[in-house]
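User: I would like to work through this chain one question at a time, with the reasoning laid out before each answer.

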Amino acid sequence: MLEMFCNLLESPRFTLTENVHSYEMSPKGKMPWIEYNGEIVSDSQFCIEFLNKKFDKDLNKHLSLENKAIGRAFQKMLEENTYWFVYLNIL
């Protein structure tokens, strides 16, 4: 989800070139996470909010409140299920 967001951001100032942290957990024990100019941001939703503020972009501004809520529900469902899949397969 985070990688797709970064690709859609289309900013010449930011590109997500590779996952340098692979399956490494952030200092807060979260995945995925980013490091931007030395600042570590954990959890995909916080990363997206952080990047929206940094680059003054909101890719969801054209959506209705209902569509934003549906998108958020799908995002959380995907993230939570993917987290447990990855976590249980790493052990």
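User: Leaving aside neighbours within four places in sequence, which residues is Gln45 in contact with?
Analyst: The model is a predicted one, and contact here means heavy atoms within 4.5 Å. Once the neighbours within four places in sequence are set aside, the residues in contact with Gln45 are Arg72, Gln75 and Glu79.

User: With which side chain does the side chain of Gln45 make a polar contact, and at what distance?
Analyst: Arg72 is among the residues in contact with Gln45, and a polar contact requires a pair of N or O atoms within 3.5 Å. The side chain of Gln45 meets that criterion with the side chain of Arg72, at 3.0 Å.

User: Is Gln45 buried or exposed?
Analyst: Gln45 is part of helix α2, and the cut-off for a buried residue is a relative accessible area under 20%. Because its relative accessibility is 13%, Gln45 counts as buried.

User: Which residue caps the N-terminal end of α2?
Analyst: The backbone nitrogen of Gln45 has a side-chain oxygen lying 3.2 Å away. That oxygen belongs to the residue that caps the N-terminal end of the helix, namely Asp43.

User: Which elements are included in what covers the buried residues of α2?
Analyst: The buried residues of this helix, which spans 44–54, are Ser44, Gln45, Cys47, Ile48, Phe50, Leu51 and Asn52. Their cover includes two helices and two strands, namely α1 (2–9), β1 (33–36), β2 (39–42) and α3.

User: Which residues of α3 are buried?
Analyst: Helix α3 comprises residues 65–90, and what covers its buried residues includes α2. Two of these buried residues, Gln75 and Glu79, are also in contact with Gln45. The buried residues of α3 are Gln75, Glu79 and Val86.

User: How far apart are the end C-alpha atoms of helix α3, and what span should its 26 residues have?
Analyst: At 1.5 Å a residue, the 26 residues of α3 should span 38 Å. The distance between its end C-alpha atoms agrees with that expectation, and it comes to 37 Å.

User: In what order do the elements of the chain run from the N terminus on?
Analyst: The chain holds 3 helices and 2 strands. Read from the N terminus on, they run α-β-β-α-α.

User: What percentage of the residues of the chain count as buried?
Analyst: The accessible surface of the chain comes to about 6900 Å², with 56% of it belonging to carbon and sulfur atoms. Counted by residue, over the 91 residues of the chain, the buried share is 27%.

Conventions. Residues numbered from 1 in each chain as written. Predicted model: local features only at pLDDT ≥ 70, side-chain atom pairs only at ≥ 80, totals over all residues. Heavy atoms only, no water. Helix = DSSP H or I, 4+ residues; strand = E, 2+ residues; numbered from the N terminus. Buried < 20%, exposed > 50% of the residue type's maximum accessible area, 1.4 Å probe, protein only. Areas by Shrake-Rupley, 256 points an atom, 1.4 Å probe, with all protein chains shown as cover. Expected span 1.5 Å × (residues − 1). Polar contact = N/O pair within 3.5 Å; in protein donor to acceptor, adjacent residues only side chain to side chain.
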